[in-house]
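Here's a walk through one chain, from a single helix out to the sheet, the cores and a few backbone oddities. Have the coordinates open as you read.

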Amino acid sequence: MTKDVELVGKVKDKLIKTKEDWAKEGRGLSGEGAKAGARLPPGQHLTKDFPVLDLGVQPNLVPKDWSLSVAGQVKHPLKWSWDDLMKQQQAEFVNDIHCVTTWSRYDNTWKGVPMRALLDACRPMDTARFLMVKSFDGYSTNVPLADVDRDDVFLGHTWDNKPLARDHGGPVRLVVPHLYFWKSAKWIRHITFMEKDQPGYWEARGYHMRGDPWPEERYS
Ligand SMILES: Nc1nc2c(c(=O)[nH]1)N[C@H]1C(S)=C(S)[C@@H](COP(=O)(O)O)O[C@H]1N2
Ligand SMILES: [Mo]
């Protein structure tokens with residue numbers, strides 16, 4: 001049975017407005033271009049802490065209340081509970097993350113289920129080219145299928161050897177490390193496979209449909 005999920009906190013209207021203005025101004029765009037062999041994408045700076053960025057409300061979810069459903073252009077629509085997720089292939093990942101607000105964080109260590117395990121289970125139709133990812137806080141983001149059909153993309157449930165904290169999207173978040181971090185939906189709830197691309201929450205507010213940090217795909 002699906003029960004209503006409690007949302008903790010208040011929507012940060014001011015922050016949301018500020019980020020919409022940044023898209024209009026093109027804030028953070030360095031225009032420098034990626035330097036050969038660089039680890040830090042253009043316009044980014046390194047941080048050691050792990051900032052929390054979301055709309056201000058966080059779903060109060062324990063693993064037994066979490067589930068992920070997959071529908072749309074797939075041959076096998078599915079729904080994974082926490083127990084189902086734990087039965088999938090598990091893997092370790094180390095990555096750098098890059099937020100469009102210009103911070104980057106190196107050497108994050110994670111455990112999770114490879115996205116390719118989910119793709120094997122749901123079997124996208126030949127016509128499927130994009131995903132719409134929806135979260136328990138009402139957030140959404142779109143990602144090309146080609147950008148999740150990769151070895152380094154996963155459903156993360158452990159960060160730094162500890163259960164992923166609610167702040168950072170626990171119990172389970174998507175992690176797409178080669179795109180700006182807004183594509184890595186926290187508290188992941190649902191994925192729809194689509195033929196045509198559609199904007200998610202930030203993409204409808206001036207942010208890029210793909211979001212590759214190397215060519216600085218910050219805004220649309
Ligand atoms: N469900 C959900 N996922 C989300 C967001 C959000 O508001 N809700 N914010 C995105 C943004 S803009 C960023 S930068 C990262 C931040 O993740 P963190 O709080 O773990 O640093 O989560 C992304 N995923
Ligand atoms: Mo972000």
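Let's start with helix 3, whose buried residues are Met-115, Ala-117, Leu-118, Leu-119 and Cys-122. Keep in mind that this is a predicted model. Right after helix 3 comes Arg-123, which has a positive phi near 50°.

Where do those buried side chains belong? The largest nonpolar core has 32 residues, and Val-70, Leu-118, Leu-155, Ile-188, Ile-191 and Phe-193 are the ones with the most contacts inside it. Two or more residues each come from strand 4, strand 5, helix 3 (115-122), strand 8 (130-135) and strand 13 (188-194). Helix 3 is the top contributor, giving five residues to this core. As general background, nonpolar side chains in soluble globular proteins tend to be buried together.

Leu-155 is a good residue to click on. Setting aside neighbours within four places in sequence, Leu-155 is in contact with Leu-68, Trp-80, Leu-85, Lys-111, Gly-112, Val-113, Leu-118, Val-172, Arg-173, Leu-174 and Ile-188. A separate core lies apart from the big one: it has 12 residues, among them Ile-16, Ala-23, Trp-182 and Tyr-219.

Now for the sheet. Five strands make an open sheet in the order 5-4-13-8-9, and the pairing is mixed. Which strands stand at the edges? They are strand 5 (78-81) and strand 9 (140-144); each has a single partner strand, so one side of each has no neighbour in the sheet. From one strand to the next, the twist averages 15°. At one end of that order, strand 4 (residues 67-72) pairs with strand 5 in the antiparallel sense, over four bridges. Two names from the Leu-155 contact list turn up again here: Leu-68 has Trp-80 in strand 5 as its bridge partner.

Next, the backbone oddities. Two residues other than glycine have positive phi values and sit in loops, as the table shows.

| Residue | Phi | Loop | Relative accessibility |
|---|---|---|---|
| Thr-102 | near 90° | between strand 6 (91-98) and strand 7 (103-114) | 11%, buried |
| Asn-161 | about 65° | between strand 10 (154-159) and strand 11 | 62%, exposed |

Buried or exposed, which is Thr-102? At 11% relative accessibility it falls under the 20% cut-off, so Thr-102 counts as buried. Asn-161, at 62%, is over the 50% cut-off and therefore counts as exposed.

There's also a cis peptide bond to look at, joining Gly-170 and Pro-171, with omega about 15°. Pro-171 has its place in the loop between strand 11 (162-163) and strand 12 (173-175).

Finally, zoom out to the whole chain. How many helices and strands does the chain have? There are three helices and 13 strands. The radius of gyration is 17 Å, close to the 17 Å from the globule rule for 220 residues, so the chain is as compact as a globular protein of that length. The C-alpha trace spans about 50 × 40 × 35 Å along its principal axes. Buried residues account for 51% of the 220 residues. Of the contacts between residues at least 6 apart in sequence, 72% join residues at least 24 apart. The chain exposes about 10700 Å², with carbon and sulfur atoms supplying 51% of that area.

Notes. Residues are numbered from 1 along each chain as its sequence is written. Chains are lettered from A and ligands numbered from 1 in the order in which they are written. This is a predicted model: local features need pLDDT of at least 70, side-chain atom pairs count only at pLDDT 80 or more; totals for chains, interfaces and linings use all residues. Side-chain values use heavy atoms; hydrogens and water are left out. Two strands pair if DSSP finds at least two bridges between them. Axes are lines fitted to C-alpha atoms, for helices over the stretch in contact, and angles run from 0 to 180 degrees between N-to-C directions. The radius of gyration is taken over C-alpha atoms; the globule rule is 2.2 Å times the number of residues to the power 0.38. Buried means under 20% relative accessible area, exposed over 50%, partly exposed in between (1.4 Å probe, protein chains only). Contact means heavy atoms within 4.5 Å. Accessible areas come from the Shrake-Rupley method with a 1.4 Å probe; for residues, only the protein chains shown count as cover. A nonpolar core is a set of buried Ala, Val, Leu, Ile, Met, Phe, Trp, Tyr and Cys residues joined through side-chain atoms within 4.5 Å.
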